[in-house]
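Subject: A structure to look through

Dear colleague,

I am handing over the structure below, and I would be glad if you read these notes with it open beside you.

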Amino acid sequence: MQIKSHVETDQSELSNTTRRVFCTDLLLTSAGLLLAAPAATKAAAPQDSMVAYPPRKIEGAETLLPGSSLYFNYPTRNDAAVLLRLSESEYRAYSRRCSHAGCSVDFHPASRCLMCPCHRGTYDARMGHVMFGPPQRPLDEIVLEVRAGGHLWAVGKNSRNTEIITQNLKGGD
Ligand code: FES
């Protein structure tokens, strides 16, 4: 019985270690892609599926160091979001609403993943795609724009998760 418990602990630690390594490796791969494709270093461009919302300047974005994050709200004060500075010139922003059941994801600098505390769903920082756990859809992406003075603005949301978010809202979350 005790041996089984020990094995389970080891597997859990292995899973966490693998998760950390994988997220970090993915980020390094992303950096490699950036070097090969400098055009991708600007803030995320609006896409066909983007839903525009009133633009809002992300206060404090200019002080963000590479590899760190800043929590903000967008498009309303009730919509938790996170801005990530992946490298000197690459930013990403996502809704913090987990696509599984709506818990709020957190950015973990050590692993460079977005993790959900409810059921351990894990998303990659570069695209918001699911890497581990029960979520079936990526995180909603906040569309960014660099405006006058080099300030970063949120201008919309990539609607790739609209269906899931609508379902969650109907569920009374
Ligand atoms: S609510 Fe995030 S993994 Fe379940």
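Before turning to the strands, it helps to know that two strands count as paired if DSSP finds at least two bridges between them. Please also keep in mind that this is a predicted model.

With that rule in hand, strand β3 (residues 80-85) can be followed to its partners on either side in sequence. Strand β2 (residues 68-73) runs antiparallel to β3 and is joined to it by 6 bridges, and one residue pair to look for is Tyr71 with its bridge partner Val82 in β3. These two strands make a hairpin, with 6 residues lying between them.

β3 also pairs with strand β4 (residues 91-95), again in an antiparallel arrangement, through 5 bridges. Here Leu83 has Ala93 in β4 as its bridge partner, and the hairpin formed by β3 and β4 has 5 residues between the strands.

Which residues touch the most other members of the largest nonpolar core? This core has 28 residues, and the ones in question are Leu83, Leu84, Ala93, Leu114 and Ile142. At least two core residues come from each of β3, β4, β6 (113-115), β9 (141-147) and β10 (151-158), while β3 gives the most, with 4 residues.

Ala93 is a good place to finish, as it appears in both parts of these notes. Setting aside neighbours within four places in sequence, Ala93 is in contact with Ala81, Val82, Leu83 and Leu84, and also with Ile142, Leu144 and Ala154.

With best wishes

Note on methods:
Residues numbered from 1 in each chain as written. Predicted model: local features only at pLDDT ≥ 70, side-chain atom pairs only at ≥ 80, totals over all residues. Core = buried A, V, L, I, M, F, W, Y, C linked by C-beta atoms within 7 Å. Buried ≥ 20, exposed ≤ 12 C-beta atoms within 10 Å, placed from the backbone. Contact = placed C-beta atoms within 7 Å.
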